[in-house]
Amino acid sequence: MNISEVKDLMAQFDQSSLREFSFKTGEAELSFSKNEYTAPQPVAVPPVNAVTVAPVVSSPSSSDAEAVSETEETPLVEGDEVTSPLVGVAYLAPAPDKPAFVSVGDTVKKGQTLLIIEAMKVMNEIPAPKDGIVTEIMVTNEEVVEFGQGLVRIK
């Protein structure tokens, strides 16, 4: 098997909906996979005896006071979080000129598409895990999302 044949197989695999492909001959073996593996990232934990120093502000301006009062008054959003099963780009609508799959306040049924995550040129629909009401959309259109990142809350 020569390199041009391998490149042809790779191009055909890339355009297909297959997730994995293996090919064996007496002389060679090829395996292709579109499945992603993301190694867990270590989390930095501050030492127990660490001291955090906050900056001292002599007199807050009126805009600072308003910002503080706004953050204190923000209620916690209710509902179960739907998390991303993979790394990719989130799309809230099926096409740029189409309306969003869901909006805050929409009633959804189990299995209904909430959004799409594109990974390696494959569009992966993210279904609602249960019936409920969308209380929060936690990502923006075309935002890069990580594995386990919150996408939508459903109550």
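Accessible areas here come from the Shrake-Rupley method with a 1.4 Å probe, and for residues only the protein chains shown count as cover. The model is predicted: local features need pLDDT of at least 70 and side-chain atom pairs count only at pLDDT 80 or more, while totals for chains, interfaces and linings use all residues. Residues are numbered from 1 along each chain as its sequence is written, and side-chain values use heavy atoms, with hydrogens and water left out.

**Exercise 1. Describe the protein as a whole: its surface, its burial and its elements.**

Step 1. The protein exposes about 11500 Å², and carbon and sulfur atoms supply 56% of that area.

Step 2. Of its 155 residues, 21% count as buried. Buried means under 20% relative accessible area, exposed over 50%, and partly exposed in between (1.4 Å probe, protein chains only).

Step 3. Helices (H or I, at least four residues) and strands (E, at least two) are DSSP runs, numbered from the N terminus. The protein has two helices and 10 strands. From the N terminus on, their order is α-β-β-α-β-β-β-β-β-β-β-β.

Step 4. Contact means heavy atoms within 4.5 Å. Among contacts between residues at least 6 apart in sequence, 54% join residues at least 24 apart.

**Exercise 2. Work out how strand 1 and strand 2 are arranged, and which side chains of strand 2 are buried.**

Step 1. Two strands pair if DSSP finds at least two bridges between them. Strand 1 (residues 20–24) and strand 2 run antiparallel and are joined by five bridges.

Step 2. The connection is a hairpin of four residues.

Step 3. Strand 2 covers residues 29–33, and its side chains alternate. Leu-30 and Phe-32 point to one face and are buried; Glu-29, Ser-31 and Ser-33 point to the other and are not.

Step 4. Phe-32 is also the bridge partner of Phe-21.

**Exercise 3. Trace the four-stranded sheet and name its edges.**

Step 1. Strands of a sheet pair through backbone hydrogen bonds, either parallel or antiparallel.

Step 2. In this open sheet the four strands follow the order 3-10-8-5, with antiparallel pairing. Strand 3 (80–83) and strand 5 (107–108) are the edge strands, since each pairs on one side only.

Step 3. Strand 8 (residues 132–137) and strand 10 (residues 150–154) are joined by three bridges. Across this pair, Glu-136 of the one stands opposite Arg-153 in strand 10.

**Exercise 4. Locate the largest nonpolar core and say which elements supply it.**

Step 1. A nonpolar core is a set of buried Ala, Val, Leu, Ile, Met, Phe, Trp, Tyr and Cys residues joined through side-chain atoms within 4.5 Å.

Step 2. The largest one has 18 residues, and those with the most contacts inside it are Leu-114, Leu-115, Leu-151 and Val-152.

Step 3. Strand 6 (113–119) and strand 10 are the elements that give two or more residues to this core. Strand 6 gives the most, with four residues.

Step 4. Not counting residues up to four places away in sequence, Leu-151 touches, among others, Val-82, Leu-115, Ile-117, Ile-126 and Val-145.

**Exercise 5. Compare Phe-101 with Pro-99: where are they, and is each buried or exposed?**

Step 1. Phe-101 lies in the loop between strand 4 (88–91) and strand 5. Pro-99 lies in the loop between strand 4 and strand 5.

Step 2. Phe-101 counts as partly exposed because its relative accessibility is 23%. Pro-99, at 64%, counts as exposed.

Step 3. Leaving aside neighbours within four places in sequence, Phe-101 is in contact with residues including Tyr-91, Ala-93, Pro-94, Leu-114 and Ile-116. Pro-99 touches Ala-93 and Pro-94, not counting residues up to four places away.

Step 4. Phe-101 and Leu-114 are 13 residues apart in sequence and 5.7 Å apart in space, C-alpha to C-alpha.
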